Amino acid sequence: MMTTHPNEVSHRRLRRADWRFLLDDPQIGVTLCVADGALRDSVRHVSQSLADLDSCDSEDCDLFVAADPTAQMLDAAWSRLRPGGSCYTEWTVRGDSPRPQSLLEAAGFEHVELYRPWPSIDHSHVWFPGSAPALAAQYFSRQIAASRGLLRRVIRTARYAAFHLSRRGLITTRVAAIARKAPAITVSGAAHESALMGAIARACMASPEQLSVHPHRVMYTGGPRASSKIIVSVYANGETRPRLIVKSARVSRAAAGLMRESDTLDFLCRASPVPLDGVPHAVFSARRADVFVLCESALDGVPLTPQIAITKYEAIANAATDWLIRLATTTHETSHAQWCAIVDRLMRRFRRFYGAVADPRLLSRITETLRRVAVLPCVCEHRDFSPWNLLIDDRGRLAVADWESSQPRGVAGPDVIYFLTHLAFYRDGLLGARSARASTSAFRSAYRQAWTMESTTGQINNACFARYSRALALESSAPPVLRMLTWLIHSESEYRRAREDAQGHPHPQSLRSGLFFNLLELECS
């Protein structure tokens, strides 16, 4: 009989409560919950306590949660909520039924927002605002346009059709409603609560009192792990380009990445009097108990799709190299002590993580190579500079998202190698949904083609790296050393993902089959 690991149950409960990141305050205190099943379990999981339904107290709750509540239930809930408290309800409806909003407003609730979670309220990846159908249309259009292969395009088109049918009322669906008891925003509350709503108001040129009718929010809750972040894109009324991006950590251990991103963005802002193009600006960040929130400016452009990588490989490779040269020269410094500290830390962690599965000759080869190499410049590293983290505008300019893995004092070179390698994998269809089915030998073969001078891709990649090396005054012997260093750096993050997936110590085979571990072996062979 198959059993479910307790951490998997906890993960599902957390994800079922992702709607809390649409509340003014996702840190939930006392909740009055009249739902059952998975919804009630998730509420219990994220609340400090649940209130007694039969209590005669008034204004003793921070949040009310219900499924298909009656008018009487909403009236009772309104009296139990403190001023500024929130209400989350789920409804079974056909089409754009006005019933949820009418009942909530009749009970005295304000700032009612309806959301359509996709693909379902129990297993959501995206939450679309009901009042802005153009944002859902934009999302599905981009998904269809980015499809690789006829079958995937047909499937994604069918998904959009199903979503459209539910909006037209041809099939029933479950929607969610967020509402607040006045005063929701004017009351003095948590530091990040007022800062968040104030930032949204300023970005969308609205007063806090107008927030219910001006900005729209699309929430993305995908990602395979509990540590995957929540992203909310904030749009001004009638616009399809976001003004702000609000990132939140679902679990406390995931806050470190967002805190690192906030620190790096502040570092880059201080590093140069002229802002670096294509870098978001941190508006504010704050932590309250287990919830960390980072609010930053939205970036211009559309995601870099595999189709763009196929048709414009050389142009994208050159543009990314130019961008990384600007990043490196802006933050460049030479420090023997810093370089030695980086190498020492990398080797200690690699031995600890992979010592049981790595050939001792591999460890010796890495150690000897790094001892012989000259001191490399210290620069700001993105550490996840990959095609899926880039946006490109209609003039070919790049913008770079997701700085959670960044290091303000990293090493010059690995970002370029990491990007050019993954650009080749991305173009060849080895990443994304197909990566789980691609064999290790397929990645090894594609990697050789990405860097051999006998292939067109290799010639482009080597020319880009040579240009980067000249700009940073790297030694001519640096490329193979830096490729080895790149996969040594990223094998650490690969180990941490394997440990989270295994919910404990990873199985030796999962470590041996890791992409970065294999590329490291290939470079050292």
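Here are some questions and answers about this predicted model, from its sheet to one of its helices and a few odd backbone spots.

Q: In what order do the 12 strands of the open sheet line up?
A: The sheet is open, and its pairing is mixed. From one strand to the next, the twist averages 25 degrees. Reading across, the order is 2-1-3-4-7-5-6-8-9-10-12-11.

Q: Which strands sit at the edges of the sheet?
A: Look for strands that pair on one side only. The order of the open sheet starts with 2 and finishes with 11. So the edge strands, each pairing on one side only, are strand 2 (47–50) and strand 11 (282–288).

Q: Which residue of strand 4 is the bridge partner of Val-65?
A: Strand 3 (residues 61–67) and strand 4 (residues 81–94) are parallel partners, joined over six bridges. One opposite pair is Ala-67 and Glu-90 of strand 4. For Val-65, the partner in strand 4 is Tyr-88.

Q: Which residue does Cys-33 stand opposite in strand 3?
A: Strand 1 (residues 28–33) runs parallel to strand 3, with three bridges joining them. Strand 3 is mostly covered, with five of its seven residues buried. Opposite Cys-33 in strand 3 stands Val-65.

Q: What angle does helix 8 make with strand 12?
A: Helix 8 (residues 255–271) packs on the sheet. There it touches strand 10 (244–248), strand 11 and strand 12 (291–297). The direction of helix 8 and that of strand 12 differ by an angle of about 35 degrees.

Q: At what angle does helix 6 run to strand 5?
A: Helix 6 (residues 150–168) lies across strand 5 (110–118), strand 6 (126–129) and strand 7 (172–180). Relative to strand 5, helix 6 runs at about 145 degrees.

Q: How far apart are the end C-alpha atoms of helix 12?
A: Helix 12 (residues 360–372) has 13 residues. At 1.5 Å a residue, helix 12 should span 18 Å. The model agrees with that, since the end C-alpha atoms are apart by 19 Å.

Q: Why are the buried residues of helix 12 said to be on the same side, and what arc do they cover?
A: The buried ones are Leu-362, Leu-363, Ile-366, Thr-367, Thr-369 and Leu-370. In an α-helix there are 3.6 residues a turn, so residues three or four places apart point the same way. The buried residues of helix 12 are on the same side because the arc they cover around the axis is only 165 degrees.

Q: Which helices help cover the buried residues of helix 12?
A: The other side of helix 12 has Pro-360, Arg-361, Arg-371 and Arg-372, which are exposed. For the buried residues, the cover includes helix 11 (336–354), helix 16 (478–502) and helix 18 (515–524).

Q: Which residue's side-chain oxygen reaches the backbone nitrogen of Arg-361?
A: Go to the start of helix 12. A side-chain oxygen there comes to within 2.8 Å of the backbone nitrogen of Arg-361, and that oxygen belongs to Asp-359.

Q: Is His-111 buried or exposed?
A: His-111 is in strand 5. Its phi is positive, about 55 degrees, although His-111 is not a glycine. Most residues other than glycine have a negative phi. The cut-off for buried is under 20%, so at 15% relative accessibility His-111 counts as buried.

Q: What is the relative accessible area of Ala-473?
A: Ala-473 is found in the loop between helix 15 (456–472) and helix 16. Here too phi is positive, near 55 degrees, in a residue other than glycine. Exposed means over 50%, and Ala-473 is exposed with a relative accessible area of 69%.

Q: Is the peptide bond from Trp-118 to Pro-119 cis or trans?
A: Pro-119 is in the loop between strand 5 and strand 6. Most peptide bonds are trans. For the bond from Trp-118 to Pro-119, omega is near 5 degrees, and the bond is cis.

Q: Leaving aside its neighbours within four places in sequence, which residues is Asp-60 in contact with?
A: Asp-60 lies in the loop between strand 2 and strand 3. At 26% relative accessibility, Asp-60 counts as partly exposed. With those neighbours left aside, Asp-60 is in contact with Val-30, Ser-55 and Arg-80.

Terms used:
Residues numbered from 1 in each chain as written. Predicted model: local features only at pLDDT ≥ 70, side-chain atom pairs only at ≥ 80, totals over all residues. Heavy atoms only, no water. Helix = DSSP H or I, 4+ residues; strand = E, 2+ residues; numbered from the N terminus. Axes fitted to C-alpha atoms, helices over the stretch in contact; angles between N-to-C directions. Contact = heavy atoms within 4.5 Å. Expected span 1.5 Å × (residues − 1). Buried < 20%, exposed > 50% of the residue type's maximum accessible area, 1.4 Å probe, protein only. Arc of directions from axis to C-beta. Polar contact = N/O pair within 3.5 Å; in protein donor to acceptor, adjacent residues only side chain to side chain.
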